[in-house]
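Please walk me through this structure at an unhurried pace, taking a few single residues and a few pairs of helices in turn, and explain how each of them sits among its surroundings.

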Amino acid sequence: MAQAATSTLGRPAWVDLASSDPAASRSFYGSLFGWQVEVNPDPQYGGYALAKVAGQDVAGIGPKMMAEAPTAWSIYIGSDDVDALAARVQAAGGHVIVAPMDVGDQGRMAVFSDPSGAVISAWQAKAMAGFVTGVPGAFGWAELNARGLAGTLAFYAGAFGWSTRTSPMGEGQPPYTEFLIEDQSIAGAMEMNPAAPPTMPSYWMAYFNVDDVDAAFRRAIALGAREMLAPTYFSGGRFAIVSDPQGAVFGLLKV
């Protein structure tokens with residue numbers, strides 16, 4: 001069932017892509033997910049575009065804010081006071097990368113990093129109240145891959161008020177942690193694969209819902225994406241991970 005993000009406090013409230021080539025990114029994701037992408041003509045938004053499914057907002061695509069930054073998806077956690085959240089982030093051992101700032105009349109945002117180095121953002125809604133989830137082409141899940149995860153979980157408890165539930169994943173597999181609000185699972189986390197290059201920082205990744213993971217994976221590759229993890233089953237469904245033509249990593253998910 002489609003679900004508007006009407007109660008996103010402490011939960012994922014928005015996702016957007018900062019791209020080295022926004023036009024190419026709009027074309028890629030429009031073809032992959034069937035997004036209708038509309039660029040805001042107001043120059044104060046710097047070419048930021050809203051992606052829509054059936055006329056409802058699902059994500060944003062815009063240019064990178066810093067030339068040296070990689071093309072990457074950002075996950076925003078809903079807040080009713082971004083400034084107070086920034087203070088809690090620092091008190092819990094995180095860092096404020098972009099201080100709280102207004103985004104026109106749309107809302108207020110900030111960008112943080114947790115103690116492991118993973119970047120996570122916050123959104124305090126005004127005119128732009130949130131996005132739609134639960135439909136193909138929309139956001140499906142957020143997942144933290146961290147070095148030293150056990151030492152990072154306390155940060156999210158202190159800054160965001162999240163509790164956790166950790167489950168075994170089988171022999172030879174690291175356990176999986178779910179972040180919870182009032183016993184509702186709102187995101188996941190796992191220790192970064194030890195085979196990952198030592199220079200790879202901890203990171204948050206966005207998954208997008210699709211009707212058919214295998215078909216979406218093939219379509220992404222045909223559009224110029226690179227395979228990171230071929231379609232595979234997990235206890236709740238099927239998923240795959242790819243890197244888009246500009247280098248942003250994201251997941252495809254069917255639950």
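Does R11 count as buried or exposed? The model in view is a predicted one, and in it R11 has a relative accessibility of 16%, so R11 counts as buried, the cut-off for that word being under 20%. R11 is found in the loop that runs between strand β1, residues 3-4, and strand β2, residues 12-19. When residues up to four places away in sequence are not counted, R11 touches Y76, I77 and G78, and also I181, Q184 and I186. With one of these, Q184, there is a polar contact from side chain to side chain, at 3.1 Å. The chain also brings R11 and F179 to a C-alpha separation of 9.7 Å, although their positions lie 168 residues apart along the chain.

The loop between β13, residues 176-181, and β14, residues 184-191, is a good place to go next, and E182 is found there. For a reader who looks at backbone angles, it helps to recall that most residues other than glycine have a negative phi. E182 departs from this with a phi near 50°, a positive value in a residue that is not glycine. D183 lies in that loop between β13 and β14 as well, and D183 too has a positive phi, of about 70°, although it is not a glycine. As for their surroundings, E182 has a relative accessible area of 76% and is therefore exposed, and D183, with a relative accessible area of 59%, is also exposed.

A second arginine to consider is R108, whose place is in strand β8, residues 107-113. Its relative accessibility is 18%, and R108 therefore counts as buried. Which side chains does R108 join through polar contacts? One such contact, of 2.9 Å, links the side chains of R108 and D83, and another, of 3.1 Å, links the side chain of R108 with that of D102. Both of these aspartates appear again in the wider list of residues in contact with R108, which leaves aside neighbours within four places in sequence and consists of V82, D83, P100, M101, D102, A122, W123 and Q124.

From single residues we can turn to the packing of helices. Two packed helices are described by the angle between their axes and the distance between the axes. Helix α2, residues 82-91, and helix α3, residues 149-160, pack at an angle of about 150°, and their axes are 8 Å apart. Because of that angle, α2 is roughly antiparallel to α3, the cut-off for this description being over 145 degrees. The crossing in which α2 passes α3 is right-handed. On the side of α2 the residues that meet the partner helix are L85, R88 and V89, while α3 contributes F155, G158, A159 and F160. Sorted by class, this contact of α2 with α3 holds five nonpolar residues, one polar residue and one charged residue.

Helix α3 is also the place of T152, which has a relative accessibility of 2% and so counts as buried. Not counting residues up to four places away in sequence, T152 touches D114, P115, S116 and R147.

A further pair of helices is formed by α1, residues 22-33, and α4, residues 213-222, whose axes come within 9 Å and cross at roughly 150°. These two helices are therefore roughly antiparallel to each other, and their crossing is right-handed. Which residues of α1 and α4 meet? In α1 they are F28, S31 and L32, and in α4 they are A216, R219 and A220. The residues of this contact divide into four nonpolar, one polar and one charged.

The last stop is M228, which is found in strand β16, residues 226-234. Its relative accessible area is 40%, and M228 is therefore described as partly exposed. Leaving aside neighbours within four places in sequence, M228 is in contact with I241, V242, S243 and V249. M228 and G251, 23 residues apart in sequence, are 9.3 Å apart in space from C-alpha to C-alpha.

Definitions and conventions: Residues are numbered from 1 along each chain as its sequence is written. This is a predicted model: local features need pLDDT of at least 70, side-chain atom pairs count only at pLDDT 80 or more; totals for chains, interfaces and linings use all residues. Side-chain values use heavy atoms; hydrogens and water are left out. Axes are lines fitted to C-alpha atoms, for helices over the stretch in contact, and angles run from 0 to 180 degrees between N-to-C directions. Helices (H or I, at least four residues) and strands (E, at least two) are DSSP runs, numbered from the N terminus. Angles under 35 degrees count as roughly parallel, over 145 as roughly antiparallel, 65 to 115 as roughly perpendicular and the rest as oblique. A crossing is left-handed if the near helix is turned anticlockwise from the far one by less than a right angle, and right-handed if clockwise. Contact means heavy atoms within 4.5 Å. Ala, Val, Leu, Ile, Met, Phe, Trp, Tyr, Cys and Pro count as nonpolar, Asp, Glu, Lys and Arg as charged, and the others, Gly among them, as polar. Buried means under 20% relative accessible area, exposed over 50%, partly exposed in between (1.4 Å probe, protein chains only). A polar contact is a pair of N or O atoms within 3.5 Å; within protein, one must be able to donate a hydrogen and the other to accept it, and residues adjacent in sequence count only if both atoms are side-chain atoms.
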